[in-house]
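Hi,

Here is the structure I said I would pass on. Have a look at it first, and then read my notes underneath.

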Amino acid sequence: MLDVLQKRFKVDFVWEMHVRTGRSERDCYRWKTGKAAPDFEALDRLINSDVGDLVLLTMTRGSNQPWAVAMRRTYEIAKARGDIEAAQRRLAALERGIIP
């Protein structure tokens with residue numbers, strides 16, 4: 001999971017983890033180097049942060065448990081609905097420009 005977050009936060013990974021988890025920058029640096037891992041409280045804070053979806057999807061990506069499959073499916077449905085809504089807004093804006 002940390003490798004995915006390091007790709008997400010290419011710059012200032014340590015600071016980003018510190019802000020989201022409340023852990024010391026030293027602890028977060030140890031996570032980055034693989035010398036330690038986030039504890040339950042830090043994981044809880046990450047899940048409840050703005051990157052919670054990324055954390056949960058990464059942690060469950062290999063799971064075939066019904067709850068994990070349902071969670072991933074629900075996430076994809078919500079994402080697809082958001083894409084449809086955005087496309088409908090773009091289409092309406094374009095049509096307003098074409099039709100007098």
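**What I found**

Lys32 lies in helix α3. Before going further, please keep in mind that this is a predicted model. Lys32 is partly exposed, since its relative accessible area is 40%. Leaving aside residues up to four places away in sequence, Lys32 touches Gln6, Phe13 and Val14. The C-alpha atoms of Lys32 and Asp3 are separated by 8.3 Å, with their positions 29 residues apart along the chain.

One of those contacts leads to helix α2, where Val14 lies. Is Val14 buried or exposed? Its relative accessible area is 15%, and the cut-off for buried is under 20%, so Val14 counts as buried. Again not counting residues up to four places away in sequence, Val14 touches Glu25, Cys28, Tyr29 and Lys32. Ile47 is 33 residues from Val14 along the chain, and their C-alpha atoms are separated by 17 Å.

**The chain as a whole**

The protein chain has six helices and zero strands, and reading along the sequence gives α-α-α-α-α-α. You may want to check the overall dimensions too. The radius of gyration of the protein chain is 19 Å, whereas a compact globule of 100 residues would have one near 13 Å. Along the principal axes, the C-alpha atoms fill a box of roughly 65 × 35 × 20 Å. Of the 100 residues, 26% count as buried. Among contacts with a separation of 6 or more, 35% come from residues 24 or more positions apart.

**The nonpolar core**

Which residues make up the largest nonpolar core? There are twelve in all: Leu2, Leu5, Phe9, Phe13, Val14, Met17, Cys28, Trp31, Ala42, Leu46, Val51 and Val55. So Val14, the buried residue from α2 that I described above, is part of this core. Helices α1 (2–8), α2, α3 (25–33) and α4 each give two or more residues to the core. The most comes from α2, with three residues.

**Where α2 meets α4**

Helix α2 covers residues 13–21 and helix α4 covers residues 40–47; the two pack at an angle of about 90 degrees, with their axes 8 Å apart. That angle is why α2 counts as roughly perpendicular to α4. On the α2 side the contact is made by Met17, Arg20 and Thr21, and on the α4 side by Ala42, Arg45 and Leu46. Sorted by type, the residues of this contact are three nonpolar, one polar and two charged. Met17, Ala42 and Leu46 also appear in the largest nonpolar core.

Arg45, found in helix α4, is worth a click. This residue is partly exposed, with a relative accessible area of 35%. Not counting residues up to four places away in sequence, Arg45 touches Arg20, Thr21, Gly22 and Arg23. The C-alpha atoms of Arg45 and Thr21 are separated by 5.3 Å, and the two residues are 24 residues apart along the chain.

**Helix α5 and its neighbours**

What are the buried residues of helix α5 (residues 52–60)? They are Gly52, Val55, Thr58 and Thr60. The elements covering them include α1, α4 and α6 (66–98). Val55 is also a member of the largest nonpolar core. Residues up to four places away in sequence aside, Val55 touches Met1, Leu5, Leu46 and Ile47. Of these, Leu5 and Leu46 are listed in that core as well.

**The loop between α1 and α2**

Two residues here caught my eye. Val11 is found in the loop between α1 and α2. How accessible is Val11, and what does that make it: buried or exposed? Its relative accessible area is 61%, and the cut-off for exposed is over 50%, so Val11 counts as exposed. From Val11 to Glu76 the C-alpha to C-alpha distance is 28 Å, and the two are 65 residues apart in sequence.

Asp12 lies in the loop between α1 and α2 too. This residue is partly exposed, with a relative accessible area of 49%. Its phi is near 65 degrees, a positive value in a residue other than glycine.

Cheers

Key: Residues are numbered from 1 along each chain as its sequence is written. This is a predicted model: local features need pLDDT of at least 70, side-chain atom pairs count only at pLDDT 80 or more; totals for chains, interfaces and linings use all residues. Side-chain values use heavy atoms; hydrogens and water are left out. Axes are lines fitted to C-alpha atoms, for helices over the stretch in contact, and angles run from 0 to 180 degrees between N-to-C directions. Helices (H or I, at least four residues) and strands (E, at least two) are DSSP runs, numbered from the N terminus. Angles under 35 degrees count as roughly parallel, over 145 as roughly antiparallel, 65 to 115 as roughly perpendicular and the rest as oblique. Contact means heavy atoms within 4.5 Å. Ala, Val, Leu, Ile, Met, Phe, Trp, Tyr, Cys and Pro count as nonpolar, Asp, Glu, Lys and Arg as charged, and the others, Gly among them, as polar. A nonpolar core is a set of buried Ala, Val, Leu, Ile, Met, Phe, Trp, Tyr and Cys residues joined through side-chain atoms within 4.5 Å. Buried means under 20% relative accessible area, exposed over 50%, partly exposed in between (1.4 Å probe, protein chains only). The radius of gyration is taken over C-alpha atoms; the globule rule is 2.2 Å times the number of residues to the power 0.38.
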